[in-house]
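Please look through the model shown here before reading the exchange beneath it.

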Amino acid sequence: MYDQTEKSLESVTKLAMQFLAEAIGQCPAGLEKSASQDVAFAVVGFQYGAVQSAAYVAGLGVEAWTSIAGEVISRINGMEQEAVAQFLSVMPMLARKEYPPIGIGGQAIIRFYNAATDEEKLTAAVSLSEILRQIDEG
């Protein structure tokens, strides 16, 4: 059982990194330098939702996907663990309030995983860019 859980953790981490790297690649240049809190929370919320959804489908519990989310968000954004921990501390509350980027990220990674073509994968990955466009217009 431990071996299966370890494989699930690795699979979820790999899928999340692949998907989120693709999603970030579809976003405007300079995203990592944005000082906007709205943008930062939208990006991390999207990433959090994606990891949560992938882990849930893999049968992993809250503790496992929280750990994966911390690792993935840190690596994909180049953030220090303290900053990641601050974001992750508010994500459960935002999820309870149905913060849209979390739900969109969760749905997008499932569409990405189930995509039969590269075009379908790209469509799922563009979801984050669409969220950021809406923030810019708002």
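The questions and answers below go from the overall fold to the core and then to single residues.

Q: What pattern of secondary structure does the protein follow when read along the sequence?
A: This is a predicted model, and its secondary structure comes to 7 helices and 0 strands. Read along the sequence, the pattern is therefore written with helices alone, as α-α-α-α-α-α-α.

Q: How does the radius of gyration of the protein relate to the globule rule for 138 residues, and what is its value?
A: The C-alpha trace spans about 50 × 35 × 25 Å along its principal axes. For 138 residues the globule rule gives 14 Å, and the protein comes close to that value, so it is as compact as a globular protein of that length. Its radius of gyration is 14 Å.

Q: Among contacts between residues at least 6 apart in sequence, what percentage join residues at least 24 apart?
A: Contact here means heavy atoms within 4.5 Å. Of the contacts in the protein between residues at least 6 apart in sequence, the part that joins residues at least 24 apart is 75%.

Q: Which helix supplies the largest share of the largest nonpolar core?
A: Nonpolar side chains tend to be buried together in soluble globular proteins. In this protein, the largest nonpolar core has 39 residues, and those with the most contacts inside it include Phe-19, Phe-46, Tyr-48 and Met-91. Helix 1, helix 2, helix 3 (62-77), helix 4, helix 5 and helix 7 (127-137) each supply at least two residues of this core. The largest share, 10 residues, comes from helix 2.

Q: Which residues does Tyr-48 touch, not counting residues up to four places away in sequence?
A: Tyr-48 is one of the residues with the most contacts inside the largest nonpolar core, as is Ile-73. Leaving out residues up to four places away in sequence, Tyr-48 touches Trp-65, Ala-69, Ile-73, Leu-88, Met-91, Pro-92 and Ile-102.

Q: Is Ala-42 buried or exposed, and what is its relative accessible area?
A: Ala-42 is found in helix 2 (residues 37-57). Leaving aside its neighbours within four places in sequence, Ala-42 is in contact with Tyr-99, Pro-101, Leu-128, Ile-131, Leu-132 and Ile-135. Buried means under 20% relative accessible area, and Ala-42 is buried, with a value of 0%.

Q: Is Ser-53 buried or exposed, and at what relative accessibility?
A: The place of Ser-53 is in helix 2, and beyond residues up to four places away in sequence it touches Gly-106, Ile-109 and Ile-110. Since the cut-off for buried is under 20%, Ser-53 counts as buried at 18%.

Q: Is Thr-13 buried or exposed, and what is its relative accessible area?
A: Thr-13 lies in helix 1 (residues 2-25). Not counting residues up to four places away in sequence, Thr-13 touches Ile-68, Glu-71, Val-72 and Arg-75. Thr-13 is buried, with a relative accessible area of 12%.

Q: What is the phi of Glu-98, although it is not a glycine?
A: Most residues other than glycine have a negative phi. Glu-98 lies in the loop between helix 4 (81-96) and helix 5 (100-114), and Glu-98 is exposed, with a relative accessible area of 66%. Although Glu-98 is not a glycine, its phi is positive, at about 55°.

Q: How far apart are the mean positions of the positive and negative charges of the protein?
A: The protein has 9 positive and 17 negative charges. The mean positions of these charges are apart by 2 Å.

Definitions and conventions:
Residues are numbered from 1 along each chain as its sequence is written. This is a predicted model: local features need pLDDT of at least 70, side-chain atom pairs count only at pLDDT 80 or more; totals for chains, interfaces and linings use all residues. Side-chain values use heavy atoms; hydrogens and water are left out. Helices (H or I, at least four residues) and strands (E, at least two) are DSSP runs, numbered from the N terminus. Buried means under 20% relative accessible area, exposed over 50%, partly exposed in between (1.4 Å probe, protein chains only). The radius of gyration is taken over C-alpha atoms; the globule rule is 2.2 Å times the number of residues to the power 0.38. Lys and Arg count as positive and Asp and Glu as negative; His and the chain ends are not counted. The place of a charge is taken as NZ of Lys, CZ of Arg, CG of Asp or CD of Glu. A nonpolar core is a set of buried Ala, Val, Leu, Ile, Met, Phe, Trp, Tyr and Cys residues joined through side-chain atoms within 4.5 Å.
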